[in-house]
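Colleague: I would like to learn how to read the features of a model such as this one, moving from strands to links between side chains. Could you take me through them in turn?

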Amino acid sequence: MKRQITNLIAAGTLALSGAVAAQAQDQGVLDTIIERDSLLCTGHNGSYLGFAEVDAQGAWQGFDIEFCKALATAILGSPDKVQIIPVSWAQRFPAIQSGDIDVIIKVTGWTMTRDTELGLQYSRPYFIGPFYVMSKTELGATGIADLEGGVFCVNAGTTIERVLTDYMETKGIAYEPLAFEKGEELRAAFYAGRCDAIAGFGPFLSATRINAENPDDYEILGDVLALEPEGIVVRQGEDDFLDVINWMVSALLMAEEAGVTQANVDEMKANPPSASVERLLGVTPGVGERLGLSDDWAYNVIKTVGNYGEIYDRTVGDGSRYKLPRGLNNLWNNGGLLYPLVMD
Amino acid sequence: MQQLFASHKFRRFAIQAGFVIVAILILVSLVLTGQRNIADQGIATGFGFLERTTGWPMNFSVIEVTGRSTYARVLWAGLLNTMLVGFMTLIFATVLGLLLALMRVSTNTVMKLVGATYVEIFRNVPVILQVFFWYAILTHLPSPRAAYAMNDVIFLSNRGLMLPAPMLSASDLWLLAAALAAGTFNLWRARAKPGTGRRWALVLVSYAVLFALLLVTGRAPDAPLVSVPELKGLRYVGGITLKPEFTALLVGLVLFGASYIGEIMRGGLLSVDRGKLEAGRALGLSTFQINRFIRVPLAFRAMLPALSNQYIWLMKATTVGIAIGYPDYFAVVSTSINQSGQTMELLALLMGGFIVINYSIGFVLNTVNERIKLKGRS
């Protein structure tokens, strides 16, 4: 009898401990990261080629991973202080809400539902993702309209499902949609000929093409379905953390604009060509304190991962096997849509 | 009071009541805590999203679904897809399982060997691998333009199996249903009165003729009776298509499920007392008659409880469909979670849906079990 009662009390306490865990979250995530001395950032369940993939040595590589490293460097001073947590597309939002990850850097499109109803906050876009359609060369299609009636394969649960539906409805093109949960299955189905075309994010299509047995069998059609601005996501109310992220993205773009690279950053710091570069690299104080970081955070980031252009080139651009053109992800003065904010 | 507690009966009641109350309190506190945490994180809760349109289409569905359908309708379509593939699996797996069981208990060595080999192969490979295997085979068939054709009416390609389909309008279907109902009614009446067999056959034929006449005369001129698949551009138009996703899932589940069901049935068949079979033989019944009238009815009673379990298990196994792009309930819920972000609500719906389906199966089979139980025996 007595033991039964103690058991019941124990069970009751267990149920209430959920409330205690919730209170622990009241501390800002930026403080939590500094206290923990590591940043929990998103990877992928499998490989999202070019953005988050595991290399032959078992290390994470890719455009998004570089941004994770850059953020860890900005806050904690070292790219090794990032922990990549593999999550699927669907898991990313519950995972950030439960605190399993601190930040989502996972080509996440800025949509109204996510921004308002999921209790999330977006950084300024760090990547502009165009959606294209890739089909088999043997079908001889020059535009999406030539694929009338074909089977279009997509990734389930991503924005592309809606983008494609809208586009096809607007243009009045009949098609059969087929959605796959995992990129590997999608690719296998496309190579096998189950689909006439796949619609997706430009970089994903380009990676899919490169990985095919014979890349020349496939071609990406010129029609752009839509653009998707990708942002870095934090929990609603993490304003300080979001400030750091926004200025980190800005610093990477500013460095490219000013010609500061991984190779010449020491030289630039010793001999700054302009007052703004002086501020950026922390030669004159101010750039760190206002964000609660050290003054040389931007210097550290550039020294570790390079500027925006270098990251792009190394992971998805000409320096990588994907050879994805910069296109809209160029700086504004090179015909792109990206620009740094004003660092005064 | 002291006296009350001294009563054994009251004490037992108090402990049990107390336990139930505490269990309810824990459950309520968990729900409330969860709700508060979700509200703290600024996430919208509730089932309001069900009324919103999804914006994404479905590859395969029994009811019509477009990007403008609501979440409620899309989820319903997913549930129907699960039930479609699930119930078809149960039917086919049971038939195949029965064949396997009969092979395994037969006295013919070759039959025994074939049955045993089948069971060992299909029982020991994970169901998801089997489904992947069949899907890979189906998607590696030739493209629609180079499809295998049979008399130019049946086509097999990596887009599925295209078959001709009867073109029935809604009123035709009602007619067909009415004819079937009338036929069944007559059959049932004939059963009650022996010796009327020929008459009901006549009635049935007359219904069929009437239906055929109405079908031909009642339709619009030029409307064909049968729609035949035809290659148009990249796809086949007309007829009915068995898509590779559906077929691979069905075949994988049936072959896997049959190996388990076969073993359960074998157990049931072996549980039948040998004396009863020998009694049948002594009466001069043929092997078929012994199976039909003695062995199977008795075995059925013995295997039903284990069979219900296996049926429910198979129904849950349909969730592997998500891996090959079959939009079953699980896949649709998963996509909805990603698109709407209402994780808790959708998971509750997911669990609720499966509980309803599986509880119904369990309920029906338990009722049958109660009904056919041999009376007056322990």
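Modeller: Let us begin with a strand in this predicted model, namely S2 of chain B, residues 154-157, whose covered face carries Phe155(B) and Ser157(B), while Ile154(B) and Leu156(B) belong to the uncovered one.

Colleague: In which sense do strands S1(B) and S2(B) pair, and over how many bridges?

Modeller: S1(B), residues 148-150, pairs with S2(B) in the antiparallel sense, over three bridges. Within this pairing, Ala149(B) stands opposite Phe155(B), a residue of the covered face of S2(B). The hairpin of these two strands has three residues between them, and Asn151(B) takes a positive phi near 55° there.

Colleague: Which strand is joined to S2(B) by three bridges in a further pairing?

Modeller: That strand is S3(B), residues 160-163, which runs antiparallel to S2(B). Ser157(B) of S2(B) stands opposite Gly160(B) of S3(B), and the hairpin that joins the two strands does so through two residues.

Colleague: Where in chain A should I look for positive phi values in residues other than glycine?

Modeller: Asp37(A) has a phi near 60° and is found in the loop between helix H2 and strand S1 of chain A, where, with a relative accessible area of 35%, this residue is partly exposed. Lys323(A), with a phi near 50°, lies in the segment after helix H13 of chain A and is likewise partly exposed, at 48%.

Colleague: How many disulfides are there over all chains, and what do they tie together?

Modeller: The count comes to two. In one of them, the sulfur atoms of Cys41(A) and Cys68(A) are 1.9 Å apart, and the angle of -65° about the S-S bond makes the link left-handed. Cys41(A) lies in strand S1 of chain A and Cys68(A) in helix H3 of chain A, so this pair ties together parts that are 27 residues apart in sequence. Cys41(A) has a relative accessible area of 0% and is therefore buried, and Cys68(A) is buried at 0% as well.

Colleague: Which cysteine is bonded to Cys153(A)?

Modeller: Its partner is Cys195(A), with the two sulfur atoms 2.0 Å apart, and this link is also left-handed, at -90° about the S-S bond. The pair links distant parts of the chain, from Cys153(A) in strand S8 of chain A to Cys195(A) in the loop between helix H7 and strand S10 of chain A, 42 residues apart. Both Cys153(A) and Cys195(A) are buried. With bonded cysteines counted along the chain, the disulfides of chain A follow the pattern 1-2, 3-4.

Colleague: How should I read a salt bridge, and how many are there over all chains?

Modeller: The general idea is that side chains of opposite charge can pair when their charged atoms come close. Here the count comes to 20 over all chains. One of them joins Asp102(A) to Arg36(A), whose closest N and O atoms are 2.8 Å apart. Asp102(A) lies in the loop between helix H4 and strand S5 of chain A and Arg36(A) in helix H2 of chain A, so the pair ties together parts that are 66 residues apart in sequence. Asp102(A) counts as buried, at 4% relative accessibility, whereas Arg36(A) is partly exposed, at 33%.

Colleague: Which residue of chain A forms a salt bridge with Arg159(B)?

Modeller: Arg159(B) is paired with Asp196(A), their closest N and O atoms being 2.9 Å apart. This pair crosses between chains, from the loop between S2 and S3 of chain B to the loop between H7 and S10 of chain A. Both partners count as buried, Arg159(B) at 9% relative accessibility and Asp196(A) at 5%.

Colleague: Where do Arg274(B) and Glu278(B) lie, and how many residues apart are they?

Modeller: They both lie in helix H9 of chain B, four residues apart, which is about one turn of the helix, and the closest N and O atoms of their salt bridge are 3.5 Å apart. Arg274(B) is exposed, at 61% relative accessibility, while Glu278(B) is partly exposed, at 39%. Elsewhere, salt bridges that share partners join Arg104(B), Glu120(B), Arg123(B), Glu263(B) and Arg266(B) into one network.

Key
Residues are numbered from 1 along each chain as its sequence is written. Chains are lettered from A and ligands numbered from 1 in the order in which they are written. This is a predicted model: local features need pLDDT of at least 70, side-chain atom pairs count only at pLDDT 80 or more; totals for chains, interfaces and linings use all residues. Side-chain values use heavy atoms; hydrogens and water are left out. Buried means under 20% relative accessible area, exposed over 50%, partly exposed in between (1.4 Å probe, protein chains only). Two strands pair if DSSP finds at least two bridges between them. A disulfide is a pair of cysteine sulfur atoms within 2.5 Å. A salt bridge is a side-chain nitrogen of Lys or Arg within 4 Å of a carboxyl oxygen of Asp or Glu.
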